[in-house]
Amino acid sequence: MPWHHPIPADRGASRVGATTSIWSSRTKKKGKVYGATHPAFCWVCLIYADRQAFLSLPRCCVTASPRMKSHAALNRRASQAASDAVLGAWKHSLRVNEHLDKDGLEMGAWMLFLVPWGFVGLGLFLPGPWWMRGLCIFFGVTFLCAGLLTFRKSLLKWRSGNALIHLFEDGAVLERTKGPIFALPYGSTPVDYVTWTERIADTGDDRARTHFWITLPEGRTVMLDAWSQQEREDLALIARHWRLPAEPRPLDQEPIPAPPVW
């Protein structure tokens, strides 16, 4: 399915027109209007007009696509870990948290290589009051710092390989294909299968979120996230192997902070 912008053109245009008119009325000085028709300024107005779609662009691209293929192959390392822990016969192997790996890397790249330089360019080259140019540069530096942190964290996660869970008769093996691996017997590994309603701040809409939380032998709890229908079915399959109820446990409110992504 080709991705398209979810906001009607007339809605975005009306916001941009209102924003530019306000800007014009507030920046007239000695018969001049500073930047009201500047192309770069109009670009910033478009970002302001639809912040949610702009910031969630990578996620929109992913969720608009057909159901993601989650089945994976059992590899030699996972097979050896299961054999050492005596987990029994192999049943299924699934790729988990795939959308989070992709979204984090893409969002970090957007925030590092694209967004900051537009604001910095406005601050350096857009005619206008010094405080407005300084504010644009401040926003640019803020996005740059956030992009550095997000991109570095996502890059390290990506370099640790795909997140996989291998389900066996008596336990599971959770791994990053180029990173850590854990053998988890069903009977002795604390888990929780939860769901809650998340409120989207910019739009006011609600959406259901589902997590599967796993406490590792070292005591750290990590989460498997379900965004698409296929991922929700995968979490339900994992819960069945752990002999949990078919439906996730509802939470009254969003868990803050949520366990870190595996």
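This passage describes selected strands, helices and surface residues of a predicted model. Residues are numbered from 1 along each chain as its sequence is written, and side-chain values use heavy atoms, with hydrogens and water left out. Because the model is predicted, local features require pLDDT of at least 70 and side-chain atom pairs count only at pLDDT 80 or more, whereas totals for chains, interfaces and linings use all residues.

Helices (H or I, at least four residues) and strands (E, at least two) are DSSP runs, numbered from the N terminus. Strand β4 comprises residues 163-168, and six of its six residues are buried, so the strand is largely enclosed by the rest of the structure. Here, buried denotes under 20% relative accessible area, exposed over 50%, and partly exposed in between (1.4 Å probe, protein chains only). The burial extends to both faces of β4, with A163, I165 and L167 on one side and L164, H166 and F168 on the other.

Strands are taken to pair if DSSP finds at least two bridges between them. Strand β3 (residues 90-95) runs antiparallel to β4 and is joined to it by five bridges; R95 stands opposite L164 of β4. Pairing of β4 with strand β5 (residues 171-176) is likewise antiparallel, over five bridges, and L167 has A172 in β5 as its bridge partner. The connection from β4 to β5 is a hairpin of two residues.

An open sheet of four strands follows the order β9-β8-β7-β10, with mixed pairing. Its edges are β9 (221-226) and β10 (249-250), each of which has a single partner strand, so one side of each lacks a neighbour in the sheet. Strand β7 (residues 191-199) and β10 are parallel and share two bridges, T195 being the bridge partner of P250 in β10. Helix α9 (residues 229-241) packs on this sheet and touches β7, β8 (206-215) and β9, contact meaning heavy atoms within 4.5 Å. The direction of α9 makes about 135 degrees with that of β9; axes are lines fitted to C-alpha atoms, for helices over the stretch in contact, and angles run from 0 to 180 degrees between N-to-C directions.

Helix α8 (residues 130-159) contains F138, which counts as exposed because its relative accessibility is 53%. L149, also in helix α8, counts as exposed at 65% relative accessibility. The C-alpha atoms of L149 and L112 lie 9.1 Å apart in space, although the two residues are 37 apart in sequence.
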